[in-house]
Amino acid sequence: WLTPKRAASDVANVLGWIAQQYPRLPLPALIGWSRGGAISMLTAQQAPKKLSALVLFGFLFDPDFKFADTETVPEKPQRDPNTRENAASDFISPDVTSPAVVNAFVDQALKADPVHIDLKGDPEYTLLKPTKVTVPTLVLFGERDPGVVFDDAGKFFAKLGAVDRQMVVIPGGDHCSQLEDTHDKWIAAVVSFLNRPPLKR
């Protein structure tokens, strides 16, 4: 089983390992996409000294929302096979996605993840509190991302504990903006945030 706490612990350990390998470089920046954004946010809350910045892409929520398990969790992991339909499910805007890109992504996704990861423990996401995120943070999402509600984005951004923060909307982008024709805008937003001038006093 993969639970939020276990996933966040794994990410924190990897961040620590990277810092040990490259002690002369700044601490790593952490980019989380979709559910990975939730894991990255939890990591930033629990181990803020292991990262220099946080990018939450395609993930935000109404701060008043309560996370809970939506269905009964089986006794044992199901290890269901991944499918082409599932692997392609995040590509929702044909105008910014060529079939070749989708097919290439699906082919690689099925090779990398032939079996669905079995998840449980979603109530652990109640630990997510925007006010507890204190590292520099970029909130990034596509204009057409069906999982993002603009009003929620404003509430979430306003609640962030990070004083150094930005929010960027990618015009025309959806949940896979980093892979589609919008990828240049996605890269530019991330690079611009990570290369922002330091505060000088």
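**Exercises on a four-stranded sheet and two loop residues**

Arg-79 is exposed, with a relative accessible area of 58% (buried means under 20%, exposed over 50%, partly exposed in between, with a 1.4 Å probe and protein chains only). The model is predicted: local features need pLDDT of at least 70, side-chain atom pairs count only at pLDDT 80 or more, and totals for chains, interfaces and linings use all residues. Residues are numbered from 1 along each chain as its sequence is written, and side-chain values use heavy atoms, without hydrogens and water.

**Exercise 1.** Describe the backbone and location of Arg-79.

*Solution.* Step one: the phi of Arg-79 is positive, about 50 degrees, although this residue is not a glycine. Step two: Arg-79 lies in the loop between β2 and α3 (84–87). Helices (H or I, at least four residues) and strands (E, at least two) are DSSP runs, numbered from the N terminus.

**Exercise 2.** Determine the strand order of the sheet and explain what is special about β1 and β4.

*Solution.* Step one: four strands form an open sheet in the order β1-β2-β3-β4, with parallel pairing; two strands pair if DSSP finds at least two bridges between them. Step two: β1 (29–33) and β4 (165–170) are at the edges and have a single partner strand each, so one side of each lacks a neighbour in the sheet.

**Exercise 3.** State how β1 is joined to β2.

*Solution.* Step one: five bridges link β1 to β2 (residues 53–57), and the two run parallel. Step two: Ile-31 has Val-55 in β2 as its bridge partner.
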